[in-house]
Amino acid sequence: MVDRVYERNASGSAPQPPADPSVGYPTNGNPSGGVPATMPGAWWFHMITESLRKVIEDAGLGPDHTNLGQFLEALQAQGLGGYADAAEAQALSSLTKLLTPGRLADAFKGGNQSLVRSAGHQILPGGLILQWRQVPLGFGEGSESHSNPIAFPNGALAAFAIKDPVSATLSNTPRVSITPGQASFVIGIVNGATAGNQMTVILIGH
């Protein structure tokens, strides 16, 4: 697209900046009012051409005045691959797509999010995953295994339990231990609660 190609009368050397430039905005002029039209001059054409040409050259491309899409190709080659759609935002994998604020919000949704109170998850950019599952505590003392809402691709990092609802009064005040795993967790109860009590287990992994 951008090359040193003109219809005729091109010079073999670059022009020099104007010694006394006119600074401001262009005008078509007004002959009846004695206002002359703006004259771009050779330097203006040179300035625009060389600025765009450098983007193409820095992308490793040879300027081609017949290729009107070359400037876009140069931007894409240097990491500007257009705007991500919702699916691309949620994939969290492209290194060239741009995210608008709306698409950034989309990145947290789709398969990366399940906001179900009984068992849900949120996958965050960077790979951190938050999960939760409600667990009844009426099985007395001992331990039970429960599946994670989704499996952690790489492993679990931590887990803890909270009363559900938080304002609830648990009978017998059970002591709870959580052993997190990649696909499931084990909840252990000492001084078990009676039927009807439950807790929500929070899982953190990646």
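**Strand pairing, core and surface of a predicted model**

Strand β4, covering residues 142-147, is joined to β7 by 6 bridges, and the two strands run antiparallel. Within this pairing, Gly-142 has Ile-189 of β7 as its bridge partner. The model described here is a predicted one, and the description continues with the other partner of β7.

Strand β6 (residues 175-180) is likewise connected to β7, through 6 bridges and in an antiparallel arrangement. One of the facing positions is Ser-177, which stands opposite Gly-188 in β7. The link along the chain is a hairpin, with 3 residues lying between β6 and β7. Strand β7 thus appears in two pairings, one with β4 and one with β6.

A further set of strands can be followed from one edge to the other. Here 5 strands form an open sheet, ordered β1-β2-β3-β8-β5, with antiparallel pairing. The two edge positions are taken by β1 (113-114) and β5 (156-163); each has a single partner strand, so one side of each is left without a neighbour in the sheet.

At the β1 edge, 2 bridges connect β1 to β2, and these strands run antiparallel. Gln-113 finds its bridge partner in β2 at Gln-122. The chain passes from β1 to β2 by way of a hairpin of 4 residues. Next in the order, β2 (residues 119-123) is joined to β3 (residues 129-136) by 5 bridges, again with an antiparallel course. In this pairing Gly-120 stands opposite Trp-132 in β3. A hairpin is formed here as well: 5 residues separate β2 from β3, and Gly-126, in the turn, has a positive phi of about 100°.

How many residues of β2 are buried? The count is 5 of 5, so the strand is largely enclosed by the rest of the structure. The cover extends to both faces of β2, with Ala-119, His-121 and Ile-123 buried on one side, and Gly-120 and Gln-122 buried on the other. Two residues met above as bridge positions therefore return here as buried ones, since buried means under 20% relative accessible area: Gly-120 and Gln-122.

Ile-123 of this strand also belongs to the interior in another sense. The largest nonpolar core has 12 residues in all, namely Ile-123, Ile-129, Val-135, Leu-137, Phe-152, Ile-178, Phe-185, Ile-187, Ile-189, Met-199, Val-201 and Leu-203. Two or more of these residues come from each of β3, β7 (184-190) and β8 (198-205). Ile-189, the bridge partner of Gly-142, is one of the core residues.

Attention now turns to the surface and to helix α1. Tyr-6, Trp-44, Phe-45, Met-47 and Ile-48 make a nonpolar surface patch of about 480 Å². Of these residues, Ile-48 lies in helix α1 and is partly exposed, at a relative accessible area of 36%. Trp-44 and Phe-45 are members of the patch and also form an aromatic pair, with an edge-to-face geometry, a centre-to-centre distance of 5.3 Å and 90° between the planes. The count of aromatic pairs in the model is 1. Both rings belong to partly exposed residues: the relative accessibility is 42% for Trp-44 and 41% for Phe-45.

Which residues other than glycine have a positive phi? Among them are Asn-9, with a value of about 65°, and Leu-92, with a value near 55°. Asn-9 is placed in the segment before α1 (41-58), where it counts as exposed at 76% relative accessibility. Leu-92 sits in the loop between α3 (86-91) and α4 (101-107), and its relative accessible area of 39% makes it partly exposed.

The segment before α1 also contains Pro-21. This proline is partly exposed, with a relative accessible area of 44%. Its C-alpha atom is separated by 68 Å from that of Pro-149, a residue 128 positions away along the chain.

How values were computed: Residues are numbered from 1 along each chain as its sequence is written. This is a predicted model: local features need pLDDT of at least 70, side-chain atom pairs count only at pLDDT 80 or more; totals for chains, interfaces and linings use all residues. Side-chain values use heavy atoms; hydrogens and water are left out. Two strands pair if DSSP finds at least two bridges between them. A nonpolar core is a set of buried Ala, Val, Leu, Ile, Met, Phe, Trp, Tyr and Cys residues joined through side-chain atoms within 4.5 Å. Buried means under 20% relative accessible area, exposed over 50%, partly exposed in between (1.4 Å probe, protein chains only). Rings of Phe, Tyr and Trp (its six-membered ring) pair if their centres lie within 6.5 Å; planes under 30 degrees apart count as stacked, over 60 as edge-to-face and the rest as tilted. Patches are made of residues with over 30% relative accessible area and no salt bridge: like charges are joined within 9 Å, nonpolar side chains (Val, Leu, Ile, Met, Phe, Trp, Tyr) within 5 Å. Accessible areas come from the Shrake-Rupley method with a 1.4 Å probe; for residues, only the protein chains shown count as cover. A salt bridge is a side-chain nitrogen of Lys or Arg within 4 Å of a carboxyl oxygen of Asp or Glu.
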